[in-house]
Amino acid sequence: MTFFQRHGMRAACCTAILAHCLVSALAQKPEPEKPAGGMSGISSAGTFAPVYDAEKRPITAGGFVDKGTVVFEDATRAAGLSHWQHVMGTAQKRYILETDGSGVGLIDYDNDGWLDIYLVNGSTFDALTGKSTPPHAALFHNNHDGTFTDVTAKAGVQNDRWGFGVAIGDYDNDGWPDIFVCNYGKNRLYHNNHDGTFTDVAEKAGVTLGNWSDGATWGDYDGDGRLDLFVSGYVHYDLNHQPDSDKGGVPFAYCQLHGFRVMCGPRGLPGEPDHLFHNNGDGTFTDVSRKAGVSDPGNYYGFTAIFADVNNDGRPDLLVANDSVPNYLYINKGDGTFEDASYDSGFALNNEGREIASMGLAVGDYRNNGLLDLLVTDFSDDYKALYRNDGDASFTEVAGESGLAQVPVPFVGWGDGFLDYDNDGWKDVMMINGHVYPQVDQHQWGTSFAERALLFRNTHDGKFAYVPPVKGSGLATLTSGRGAAFGDLFNNGKIDVVINPIDGPPVLLKNVNQDKHHWVELKLVGGPKSPRDAIGATVYLTANGMRQREDVISGGSYISSNDQRPHFGLGDATDAGTAEIHWPDGKRETVKLPAVDRIFTIEEAKGITGILCGARPCAAAHNRKR
C-alpha cells in the first residue's frame, strides 16, 4: 500500500508528503542522476547511467545470447506482411504528431474462425495538404496456412487520415465485428457489411470528433446489452501553429532531452478531453462524458483506455493510461455514472508518488487469484509499473519486488501484454519498445531509436524472470515498436504478437516455444441481453489444480485490440477442466470442457456449439453443460 493510500490524501494537496515519499522510495533504489538540462516534455525518473552490452552496443539494441530458449521467430516476411510500411511524418520527428505511432487490431472480420490483422497507418504533412497521396492502413486476411493477403482496398478500410488507435467490437450486435479508428482529424467507424467489405458510418453515428483522438475501448457500461465507446484525447493540436520552441510558443524546458533539442511535449502543450459515447441502439451514439463523470476536465494526455471489471462487481470499470500526468481509474457505480478513484485506488501515480509517462496498459490476473492486475509501460530512464490488485479496486505498485523494475529502465515501452507464452497456466509479461527521439542514436546515452522487445516468465510466486534474447530469434528483432496485439494467429494454442512500428514494416513474432503443454480457448457469443461478442464477460477456468481468469476486452496494449478469445494454458494436464462464465448481462453459466487443445465456441445459455481441433473443425461437436 502506498503512503497516499494509507493516509487517504490526494497528491495535489500534500507537497511535503510527496517529498517524503520520494526520499523514502529513492533510498531503496539506485538514485538517478539529475537531468543535465532540467525537465523535459515527457515525465521520467531522471537520468540513469547508460547501459551497454559486451560489444559496446546500447542494451536496448544488444544484450543477445548465443544459446537459450527461443520463444519467438520473426515470421513477418514468410507471412507476407513485409511489403506494407507504416509512415508517420518525417524521419526527423520534429513535432509530437509524428512520434506516437499507431495501433494494431486482431479481428476475424469474415467470421471464418481465423484472426485477421488490421494495421493503422499515420500520414504526412504533404498528404494532409493534398500535395501527396496519403499512406493507407492495411487489412490482412488470414489464409489459414501461415500467410496473409492484403485485402484493404477491397474491404474499404484504407483510412487515408492520420491514424492512431484501433478498437474492435460488434457495436450493433449483428454478429460481425466492426472497427473504430482514432485519428488526428475525424475518426472512422467501419461497419462490417458481412461480405468482406466495410462502410464508414462515423458521421451518421456521431463519433467523428475532430482533433486528436488516440485510444479507444468498447464496453457496455450501463448494462443495456449494447457496446458503448470511450475515446481518449491526447494533445489539442493546431497544424498552423505546431509546437516549436524556436518560435517561442513552447518553453525550451519542454523541448529538450539531456539538454539537447527534441520535439516539444506533451508537457507544456494543451491537452484534449476524453469522450464517452452511449450506444442508442439505432446506429447513433450520444456523448455522455460529463453526465457519466469521465469527461477529463483537466484535459490530460490520454493514451490507452480499457473497460474492465477491476473490483469484481460485474460492471465494467474504466482505466485510462495518461502520458506524463496521473492515470485515471473510474469505478462504475451501476447508475450510468462513474466515481473517480484514480488516487484512492493507487493507480494515478507510481510507488514513488509521481506521475509517469504511461503509454501501454495491460490487464490480467498474473497471480491466479481472481483479481485483475495492471501493467503500464512508460518512458526510458524510468521504472515500468506493475499494479497488484489487493482487492476492492485497491492497487499497490510492485514492479520492484516482482522483478520487472531494473531491466526495462533504458527502454521506451509501448505495447504490453499479460500472455501465457508457454501454456503453463501462469501469465507472463511482454513489453514492446522503441524510442521517441531519433536523436538518441547520435549520443552515448545507452539507448537507441530501434529497440528489442522484452519478455519475462512468470515464476509462479508473484515474480518474473527475464528471458534473454537469443541471437537470430524474434526477441532479437530491432524495431521502433509502438502498437502491439497479442493473440493466437495460427489457431494452434500459442500466443503470437503483431507489432506496428513507427516508420517501417510490421513485425510478426510467431510463438515457436518448444513446450508441449496443453491449452484451451473460448469463442464466446452473448445472448439477447449481452453484447453479441461478449465483451465484458469474465471466465474462470478450474483445471490443473488452479483457477485462472480471463476477460473479454476491447482495447489495450498500446492503443491496440487483442484477440478477444479467452486463452488458458493447462501445463501437462489432460483434463480441460470447467469454465465458469460470467456473462455481461449478469448471468452465470458453468460448462465442462470435454477435451484439451481445442477452441470451443460457447453461446450464452446454449453451451458448446462449435469446436476447432488442430486448427480444423472437429468431426463432431460436444455440448456438455452442468
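In this predicted model, strand β8 and strand β9 (residues 198-200) pair in the antiparallel sense, over 3 bridges. One pair of partners to look for is N192 and F198, which is the bridge partner of N192 in β9. β8 and β9 form a hairpin, with 5 residues between the two strands. In that turn, H194 has a positive phi of about 75°.

β8 also has a neighbour before it in the sequence. Strand β7 (residues 178-184) is joined to β8 by 3 bridges, and these two strands run antiparallel as well. Here I179 stands opposite Y190 in β8. β7 and β8 form a hairpin too, with 3 residues between them. G185, in the turn, has a positive phi of about 105°.

Now consider β8 itself, which covers residues 188-192. In a regular strand, side chains alternate between the two faces of the sheet. In β8, R188, Y190 and N192 point one way, while L189 and H191 point the other way. Are these residues buried or exposed? All of them are buried, so the strand counts as mostly covered, with 5 of its 5 residues under the 20% relative accessible area that marks a buried residue.

Further along the chain, L419 is found in strand β24 (residues 413-419). L419 has a relative accessible area of 3%, and is therefore buried. Which residues does L419 touch, leaving aside those up to four places away in sequence? They are F72, K427, D428, V429, M430, F486 and I495. L419 and K463 are 44 residues apart in sequence, and their C-alpha atoms are 15 Å apart in space.

Key:
Residues are numbered from 1 along each chain as its sequence is written. This is a predicted model: local features need pLDDT of at least 70, side-chain atom pairs count only at pLDDT 80 or more; totals for chains, interfaces and linings use all residues. Side-chain values use heavy atoms; hydrogens and water are left out. Buried means under 20% relative accessible area, exposed over 50%, partly exposed in between (1.4 Å probe, protein chains only). Helices (H or I, at least four residues) and strands (E, at least two) are DSSP runs, numbered from the N terminus. Two strands pair if DSSP finds at least two bridges between them. Contact means heavy atoms within 4.5 Å.
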